[in-house]
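Biologist: Before we talk about pockets, could you show me the model and settle the terms we will use?

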Amino acid sequence: MTATQQLDPAKLEQFVFRAVDEVGATLNAALVVMGDRLGLYRALAAAGPLTPEELAARTGTHERYVREWLSAQAAGGYVDYDGGRFTLPPEQAVALTDESSPAFLPGFFEIAIGSVLDSPRITEAVRSGAGVGWGEHNHHVHDGCERFFRPGYNANLIDAWLPALDGVVERLQRGARVADVGCGHGASTILMGAAYPNSAFAGSDYHAGSIEIASRRALEAGLQDRVRFEVAPANGYAGEQYDLVTMFDCLHDMGDPVGAAEHVLETLAPGGVWMIVEPAAGDRVEDNLNPVGRAYYGFSTLLCTPASLSQEVGLALGAQAGPARIEEVVRAAGFEHFRQAAATPLNLVFEARP
């Protein structure tokens, strides 16, 4: 503190108590994952008001742990407390137990927990400027990412995002060739494959572990006749003459997004479309100083930027790149047409054409 600065005790106290709340929120991320894994939220949602003893009996857990967990949930406003019984309100029940809802949150908490677990390694990378690849993270990052994004894709991809692209749904209904690049566990690829039986879908990702899971899930869904997966970088996936190329929440993670965009341009059929789904963001830091921006900047620091820096070029767009920066990448690769086609509170959907 310089001589010209004066300490405001009230502001200091306000900040300290805010920090105390932040510590509680950090710990609660682990408690949410615990409640999801142990079925505690689901049991509360199904039964109504329960004592710790009753919840422990329903879930096969230890009462003493459950009592502390419930008290922490009540202190954070996740459950209600009245006369020794705890209740999960219906709104929280949707967000914490309904995997079909776009408001489903446990995956978001799980990817946060995974990011925090790996933070010591990222701290060292910050000193050196080295990258940390997606495959180097723990399974909570991979599993949480898929569980977080999948409900949003389920709610929006078929009914809103694809119809927002000019003429794409009609081509998919007739029979189109689609490349889903950076597909992860294949949630988006499988969703499109199930919706459009006349089309063929090729998912690709540079992380072999994710492709193994995606291939298994396509087989379990009975879609192996029209959905296939391969391990490949974004600038080297196989095939050509694609009517649609998609990238879901991954362009900003790539080391060389311009090179990936150039490969998309090379592999599109005449009249083909590139759909880019990216985290919601404005073009200026000031536009992103809000809860969504805060979460995405955090993930960008711990996951997205290290992933990009671990690859060739290492452009490191970051999760809050914003529409203007994404457009720069798209046009640098040679695309003539670029527009925002749709949006949700968490995502922006862009359409690019040669």
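Modeller: For residue classes, Ala, Val, Leu, Ile, Met, Phe, Trp, Tyr, Cys and Pro count as nonpolar, Asp, Glu, Lys and Arg as charged, and the others, Gly among them, as polar. Please keep in mind that this is a predicted model.

Biologist: By class, what residues make up the lining of the second largest pocket?

Modeller: This pocket holds about 880 Å³ of space, and its lining comprises 45 residues, with G182, D205, D249, C250 and D253 lying nearest the centre. Under the classes above, Asp counts as charged, Cys as nonpolar and Gly as polar. Taken over the whole lining, the count is 26 nonpolar, 12 polar and seven charged residues.

Biologist: Which helix or strand gives the largest share of that lining?

Modeller: At least two lining residues come from each of α6, α8 (139-161), β3 (177-181), α10 (187-195), β4 (200-205) and α13 in the second largest pocket. The largest share there, six residues, belongs to α8.

Biologist: Turning to the largest pocket, which element gives the most to its lining?

Modeller: The largest pocket has a volume of about 1100 Å³, and among its 30 lining residues A25, T26, A29, F109 and A112 lie nearest the centre. Four helices, α1 (9-38), α4 (63-75), α6 (106-117) and α13 (291-309), each contribute at least two residues to this lining. With nine residues, the element that gives the most is α1.

Biologist: And how many residues of each class line the largest pocket?

Modeller: The lining of the largest pocket consists of 30 residues. Sorted by class, these are 21 nonpolar, six polar and three charged residues.

Definitions and conventions. Residues are numbered from 1 along each chain as its sequence is written. This is a predicted model: local features need pLDDT of at least 70, side-chain atom pairs count only at pLDDT 80 or more; totals for chains, interfaces and linings use all residues. Side-chain values use heavy atoms; hydrogens and water are left out. On a 1 Å grid over the protein atoms alone, a cavity is a set of points where a 1.4 Å probe fits but cannot get out, and a pocket is an open set with protein on both sides within 12 Å along at least five of seven lines; lining residues have an atom within 4 Å of a point. Grid points are joined across faces, edges and corners, and a volume is the space filled by probe spheres set on the points.
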